[in-house]
Amino acid sequence: MSLLDRPREVMRRDRVFDFMMPDPLEAGRVDTRHGPILYLEDVTVSFDGFRALDALTLYIDVGELRCIIGPNGAGKSTMMDVITGRIRPDQGQAWLGQRLDLLRMQETDISRAGIGRKFQKPTVFPEHRVVENLELAMAGPRGVWSTLRQHLDGESRDRIDSVLTEIGLQSAGHSRAGQLSHGQKQWLEIGMLLMQNPQVLLVDEPVAGMTHQEMDRTGELLQRLAGRHSVVVVEHDMDFVRSIARTVTVLHQGSVLAEGSMDAVQADPRVVEVYLGE
């Protein structure tokens with residue numbers, strides 16, 4: 001059954017992505033002329049008296065590749081929830097560029113403004129082809145219904161081909177997404193985010209469950225994306241972090257414990273005690 005014949009499946013409430021909503025914000029509004037593309041200042045989030053984030057301050061530059069590490073409960077997921085609008089902090093600031101106050105925006109608006117998030121478990125449409133997954137994710141003022149009814153123009157096809165090449169799935173473009181390996185599904189979801197032309201990519205544990213070969217290819221992909229996008233990677237696999245790290249931020253008890261090169265972080269006795277020593 002083709003994509004056009006399955007609108008009810010695509011429109012299931014648990015399968016509707018932010019990118020399917022109409023009238024997206026233009027990412028070009030993001031002003032980075034005078035500072036970082038993303039910054040959090042003194043962000044605090046409490047749950048029943050427990051501080052998941054404790055005056056967290058973090059700055060991400062344009063085109064930067066940043067790795068975020070830390071023990072379980074350090075606040076990594078909560079940090080990404082704040083950035084994407086899933087959680088409102090008790091206090092602090094969160095900005096995309098110098099003009100977009102993330103704390104005043106809804107999740108869908110944040111996504112349209114240029115922040116894409118990939119969760120640990122890949123979320124794709126398994127019954128549809130890889131190219132159809134990318135088509136649905138394409139940025140633009142099209143809702144899902146117009147996307148399903150509209151033939152792709154040459155520019156759109158070129159865009160899909162370019163992303164297929166970027167994520168290394170050229171030969172799998174007409175395969176069902178559900179037939180892909182775990183690693184390929186992760187790359188497809190990254191590709192779906194790339195179709196939206198994000199300025200910031202938040203990538204949560206991208207190599208969990210991957211083979212060593214898939215991990216190497218994922219590292220190469222994320223390093224290629226850096227520069228054109230700001231890439232924030234949350235990961236527990238230290239071998240993988242060492243292979244891609246430029247700047248590493250260590251979170252502990254909801255705030256920044258250390259930050260710098262991987263060598264500097266590894267040599268920090270506080271980091272060794274609370275995390276690397278494990």
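Which backbone nitrogen does the side chain of glutamate 214 reach at 3.0 Å? Keep that in mind as we start the tour; the model on your screen is a predicted one.

**Stop 1: glutamate 214**

Select residues 212–225, which form helix H8, and pick out glutamate 214 within it. Now show threonine 211: its backbone nitrogen is the one that the side chain of glutamate 214 reaches, at 3.0 Å. Add serine 181 next, whose side chain makes a polar contact of 3.0 Å with the side chain of glutamate 214. Is glutamate 214 buried or exposed? Its relative accessibility is 13%, so glutamate 214 counts as buried. Leaving out neighbours within four places in sequence, the contacts of glutamate 214 are Ser181, Gly183, Gln184 and Trp187. Try a distance label here too: the C-alpha atoms of glutamate 214 and glycine 183 are 5.9 Å apart, although 31 residues separate the two along the chain.

**Stop 2: glutamate 189 in helix H7**

Move on to residues 182–194, helix H7, and select glutamate 189 there. With 6% relative accessibility, glutamate 189 counts as buried. Setting aside residues within four places in sequence, you can find glutamate 189 in contact with Lys118, Phe119, Lys121, Pro122, Thr123 and Val124.

**Stop 3: the nonpolar cores**

Next, select Leu169, Leu188, Val231 and Val233. In the largest nonpolar core, which has 48 residues, these four touch the most other members. Which helix or strand gives the most to this core? The answer is H7, with six residues. Colour the domains as well: domain 1 (30–113 + 198–277) and domain 2 (120–196) each supply at least three residues to this core. Another core, of 29 residues, lies apart from this one and includes Leu56, Ile83, Leu96 and Leu100. As a general rule, nonpolar side chains in soluble globular proteins tend to be buried together.

Zoom in on valine 233 for a moment. Beyond residues up to four places away in sequence, valine 233 touches Leu65, Arg66, Cys67, Ile68, Val203, Pro206, Leu222, Phe240 and Ile244.

**Stop 4: two helices to compare by eye**

Select helix H11, residues 269–276, and highlight its buried residues Val271, Val274 and Tyr275. Looking down the axis of H11, you will see these buried residues within an arc of 90°, so they line one face of the helix. On the face turned away from that buried side are the exposed residues Pro269 and Glu273. The buried residues of H11 pack against several elements, including strand E3 (65–69), helix H9 (238–244) and strand E10 (255–260).

Now choose helix H4, residues 130–137. How many of its eight residues are buried? Eight of the eight are, and H4 is mostly covered. Among them are Val130, Glu132, Asn133 and Leu136.

**Stop 5: salt bridges**

There are 13 salt bridges to look for. Begin with glutamate 64 and arginine 66, whose side chains meet at 2.7 Å, N to O. Glutamate 64 is buried at 12% relative accessibility, and arginine 66 is buried at 4%. Add Glu259 to the selection, and you have a network of salt bridges linking Glu64, Arg66 and Glu259.

Finish with glutamate 166 and arginine 228, a salt bridge whose closest N and O atoms are 2.8 Å apart. Glutamate 166 lies in helix H6 (residues 154–167) and arginine 228 in the loop between H8 and strand E8 (230–234), so the pair ties together parts that are 62 residues apart in sequence. Glutamate 166 is buried, with a relative accessible area of 16%, whereas arginine 228 counts as exposed at 51%.

Terms used
Residues are numbered from 1 along each chain as its sequence is written. This is a predicted model: local features need pLDDT of at least 70, side-chain atom pairs count only at pLDDT 80 or more; totals for chains, interfaces and linings use all residues. Side-chain values use heavy atoms; hydrogens and water are left out. Helices (H or I, at least four residues) and strands (E, at least two) are DSSP runs, numbered from the N terminus. Buried means under 20% relative accessible area, exposed over 50%, partly exposed in between (1.4 Å probe, protein chains only). Contact means heavy atoms within 4.5 Å. A polar contact is a pair of N or O atoms within 3.5 Å; within protein, one must be able to donate a hydrogen and the other to accept it, and residues adjacent in sequence count only if both atoms are side-chain atoms. The arc is that of the directions from the helix axis to the C-beta atoms. A nonpolar core is a set of buried Ala, Val, Leu, Ile, Met, Phe, Trp, Tyr and Cys residues joined through side-chain atoms within 4.5 Å. Domain bounds come from an automatic or database domain assignment. A salt bridge is a side-chain nitrogen of Lys or Arg within 4 Å of a carboxyl oxygen of Asp or Glu.
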